[in-house]
Amino acid sequence: MNRAATITAAVTAVAAFAVGCGSSGTTSSSPPSSSSAPAAGGSGTLQAHSSPLGRILVDGTGRALYLFQADSGTTSQCYGSCAQAWPPDTTTGHPSAHGLNATMVGTTPRKDHTTQVTYHGHPLYRFAQDVKPGDTTGQGSTAFGGAWYVVSPSGTAITSTAPSPSSSGSGGGGY
C-alpha cells in the first residue's frame with residue numbers, strides 16, 4: 001500500500017509541476033501590470049542605435065532588442081510568462097532594416113500563430129522592464145532557462161555589461 005501511495009503522490013506532484021511550468025490556460029488581452037511596459041507587438045522595423053554597450057539593435061520605437069540563448073536556431077522557446085517578461089518582437093509583414101544588413105532580417109512563425117522578427121537567425125525580444133528607448137536593463141539576465149543579451153548590428157550577442165555611471169575613466173564616449 002505504501003508504494004502505491006508514494007507513486008500516486010509522485011504522479012500528482014509531477015502533474016502539478018507540469019501545469020505550473022506551462023501556460024496558465026487563460027488568455028489575457030491586457031498588458032503586463034506595469035503601465036509603461038511595451039506592448040507585445042512590434043513595428044517590424046530594425047535599426048542600430050548607440051548605447052553604453054556599443055551599437056545595438058533597436059525596434060522602430062528605439063527599444064533595445066535581445067536574443068535568448070535558450071532558443072533553438074530560429075525557433076523561440078519563450079512563451080507564457082516568459083513572453084510576458086520578454087515580449088517577442090512581432091510583425092504582420094516583412095520587417096525592414098534601416099542601416100543594417102537587410103539579408104540578415106527575417107521572420108519565424110511562433111506557436112501562438114504570430115510572426116516573430118529575426119536577425120541573423122535569432123528571434124528578437126524586448127524586455128518589459130525597459131521602460132523607455134535606450135534602456136538595456138535586461139542585459140545579461142538569466143531567466144526562463146537561458147541568458148538574454150542585446151544584439152550587435154553584426155548579429156552577435158553583446159555579452160558585456162554597461163560601464164557603471166560612477167566609474168572613472170577618460171573620455172565620455174560621445175553619448
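**Strand pairing, disulfide and loop contacts in a predicted chain**

Read from one end of the sequence to the other, the chain follows the pattern α-β-β-β-α-β-β-β-β-β-β-β-β, and its secondary structure comes to 2 helices and 11 strands. The model described here is predicted. Of the 175 residues in the chain, 35% are buried. Among contacts with a separation of 6 or more, 68% are accounted for by residues that lie 24 or more positions apart.

The confidence of the prediction is described before the details. The mean pLDDT of the chain is 78, and 67% of the residues reach 70 or more. Over residues 1-40 the pLDDT stays under 50, and for this stretch the model has 17 contacts beyond four places in sequence. The pLDDT is also below 50 over residues 166-175, a stretch that has 4 contacts in the model beyond near neighbours in sequence. Where pLDDT is low, the predicted coordinates should not be read in detail.

One part of the strand arrangement is an open sheet of 3 strands, in which the order is S2-S1-S5 and the pairing is mixed. Strand S2 (54-58) and strand S5 (96-98) are the edge strands of this sheet, each of them pairing on one side only. On average, and with direction ignored, neighbouring strands of the sheet are turned by 30° against each other. Strand S1, which comprises residues 45-51, pairs with S2 in the antiparallel sense over 5 bridges; within this pairing, Gln47 has Val58 in S2 as its bridge partner.

A further set of pairings involves strand S7. Because 4 of the 5 residues of strand S7 (residues 115-119) are buried, this strand is largely enclosed by the rest of the structure. Strand S6, residues 105-109, pairs with S7 in the antiparallel sense over 5 bridges, and Thr107 has Val117 in S7 as its bridge partner. The hairpin of S6 and S7 has 5 residues between the strands, and in this hairpin His113 takes a positive phi near 70°. Strand S4 (residues 90-91) likewise pairs with S7 in the antiparallel sense, over 2 bridges, with Thr90 standing opposite Gln116.

Strand S7 is also joined by 2 bridges to strand S8 (residues 122-123), and these two strands run antiparallel. In this pairing Tyr119 stands opposite His122 in S8. The hairpin formed by S7 and S8 has 2 residues between the strands, and His120, which lies in the turn, has a positive phi of about 55°.

His122 can further be related to a residue elsewhere in the sequence, namely Ser72, which is 50 residues apart from His122 in sequence but 8.7 Å apart in space, C-alpha to C-alpha. Ser72 itself is found in the loop between strand S3 (66-68) and helix H2 (81-85). With a relative accessibility of 44%, Ser72 counts as partly exposed, since this value falls between the limits for buried and exposed residues, 20% and 50%.

The chain contains 1 disulfide by the rule applied. A disulfide is a covalent bond between the sulfur atoms of two cysteines. In this model the bond is formed by Cys78 and Cys82, whose sulfur atoms are 2.0 Å apart. The link of Cys78 and Cys82 is left-handed, with -110° about the S-S bond, and both Cys78 and Cys82 are buried.

A second loop serine, Ser152, lies between strand S10 (146-151) and strand S11 (157-158). The relative accessibility of Ser152 is 9%, so this residue counts as buried, the cut-off being under 20%. The side chain of Ser152 makes a polar contact with the side chain of Ser154, at 2.7 Å. When neighbours within four places in sequence are left aside, Ser152 is in contact with Arg55, Leu57, Tyr119 and Ile158. Among these partners, Tyr119 is the residue that stands opposite His122 in S8, whereas Arg55 and Leu57 fall within the range of the edge strand S2 (54-58).

How values were computed: Residues are numbered from 1 along each chain as its sequence is written. This is a predicted model: local features need pLDDT of at least 70, side-chain atom pairs count only at pLDDT 80 or more; totals for chains, interfaces and linings use all residues. Side-chain values use heavy atoms; hydrogens and water are left out. pLDDT is the predictor's confidence in each residue, from 0 to 100. Contact means heavy atoms within 4.5 Å. Buried means under 20% relative accessible area, exposed over 50%, partly exposed in between (1.4 Å probe, protein chains only). A polar contact is a pair of N or O atoms within 3.5 Å; within protein, one must be able to donate a hydrogen and the other to accept it, and residues adjacent in sequence count only if both atoms are side-chain atoms. Two strands pair if DSSP finds at least two bridges between them. Axes are lines fitted to C-alpha atoms, for helices over the stretch in contact, and angles run from 0 to 180 degrees between N-to-C directions. A disulfide is a pair of cysteine sulfur atoms within 2.5 Å.
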